[in-house]
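User: Could you take a close look at one part of this model for me, the largest pocket, and then tell me about the parts around it? I'd also like to hear about the cysteines.

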Amino acid sequence: MLEELDRLQSEGLKDLGEVSDAQALEQWRIVFLGGKGRMKAAAGWLKDVPGPEKPAAGKRLNEVKNTLEQAFEDRKQILGGGTPKASAGGKRGTGPVLDLTEPGLELPFGRRHIISRVRNELCEVFARMGFEVAEERELEDDEHNFVHLNIPEDHPAREPIDNFYIDEPDGKERPRMLRSQTSTVQIRVLEDAIAKGWGPPLKFVAPGRVYRPDTVDATHSFMFHQIEGLYVDRRVTLIDLKTTLFQFAKSYFGPDAEVRLRPSFFPFTEPSAEFDMKIRLNPNQPAKWVELGGCGLVDPAVLSAVGLDPEEWTGFAFGFGIERIAMGRYSIPDIRLLYENDVRFLRQI
Ligand code: DAH
């Protein structure tokens, strides 16, 4: 049987080589691979093969079948789809058929994560109001995270339990930490600008990551993002701050945005306020007042700390949570959704 199978294979391949149009190809298929074709008949020989030789014969039978089927497919490709219609017209149909009306393959599109998108959008909105964009280090010293921001040595915000301090090799002058707020950038940029003679006047926003050892829940995370704003110039007033923030809210959330300033306290601003906005975090619940962050007029002590004369210079500052803004803008009820990176969630926004 093995020899007969060899013969079947070589005859099949030889005949196939002579096939030159789709009709002949179909004819060949019927003869060799059809329901009543020679391959089928060959399968019938198996029952007459003596037991011990059966496995080898069966194996060869499969090989021949696969070889002929593959050769048929290859030939079909070359002849152009193998449909009799394709080659019925003669010469023109003998090449591969290209159907330009066939829909293409849909390739998946990548895109930026929602946090990055909101960060970029916020920078854009503030840029339209004349703010530049600054970025600074996440590994800070306590001088920039606290001291120059008028947060005294014994302030509870400096407790090790509320901050990620770094284990330092002995001899390091200042404790270092992962910054707990982007307000550090106020100091960094002011120092830099003054040293290089760029300003003030200065007007910038600074987006970036901040770190606090909070327990993760629907509204807290040990790492999140803030966007800081600082404007230092002569005669900056609370009205400038309020106008800027209200303009921002209407520009980013739409003309119906409801916002308010609520008196508060921060060591680096005086007076200080909390900036709230009415938002719907859960589509099934009514809108609620949510705190987006803090703001105020720059405390004279902060200006003095970087060597500016508070009699001459004034300023306002603000710092908002980017996650809060993203959650408000897209009605996302749980901050953890932003970090789990489940594409079924991310694709919706
Ligand atoms: N840094 C403050 C925080 O993380 C937020 C803040 C409040 C920033 C008032 C400011 C400000 O610039 O003026 O809670």
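Analyst:
**The largest pocket and its surroundings**

Strand β8 gives the largest share of the lining of the largest pocket, namely eight residues. Keep in mind that this is a predicted model. The pocket has a volume of about 1,000 Å³. There are 49 lining residues, and those closest to the centre are R212, F224, Q226, E291 and G293. If you sort the lining by chemistry, you get 21 nonpolar residues, 18 polar and 10 charged.

As for where the lining comes from, the elements that put in two or more residues are the strands β5 (223–233), β6 (259–266), β7 (269–279), β8 (288–298) and β9 (314–321), plus the helix α11 (322–330).

Let's stay with α11 for a moment. Its buried residues are I322, E323, I325, A326, M327 and G328. Right after the helix comes S331, with a positive phi of about 50°.

Now for another helix, α8, which runs over residues 184–196. Its 13 residues reach 19 Å from the first C-alpha to the last, close to the 18 Å expected at 1.5 Å a residue. The buried residues here are T184, V185, Q186, I187, R188, V189, L190 and A193. What covers them? The cover includes β2 (139–141), α7 (142–145), β4 (202–211), β5, α10 (300–305) and β9. Two of those names should ring a bell: β5 and β9 also give residues to the pocket lining. Following α8 is G197, and its phi is positive as well, near 75°.

On to the cysteines. How many disulfides does the model have? The count is zero. Take C123: its sulfur lies 18 Å from the closest cysteine sulfur, that of C295, so the two are too far apart for a bond. The cut-off for a pair is 2.5 Å. Looking from the other end, C295 is in no disulfide either, with the sulfur of C123 as its nearest cysteine sulfur, 18 Å away.

Are these two cysteines buried or exposed? C123 counts as buried because its relative accessibility is 11%, and the limit for buried is under 20%. C295 is buried too, since its relative accessibility is 2%. Residue C295 also falls within the 288–298 range of β8, the strand with the largest share of the pocket lining.

Note on methods. Residues numbered from 1 in each chain as written. Predicted model: local features only at pLDDT ≥ 70, side-chain atom pairs only at ≥ 80, totals over all residues. Heavy atoms only, no water. Buried < 20%, exposed > 50% of the residue type's maximum accessible area, 1.4 Å probe, protein only. 1 Å grid on protein atoms, 1.4 Å probe; cavity = no way out; pocket = protein on both sides within 12 Å on 5 of 7 lines; lining within 4 Å. Points joined across faces, edges and corners; volume = space filled by probe spheres on them. Helix = DSSP H or I, 4+ residues; strand = E, 2+ residues; numbered from the N terminus. Nonpolar A, V, L, I, M, F, W, Y, C, P; charged D, E, K, R; others polar. Expected span 1.5 Å × (residues − 1). Contact = heavy atoms within 4.5 Å.
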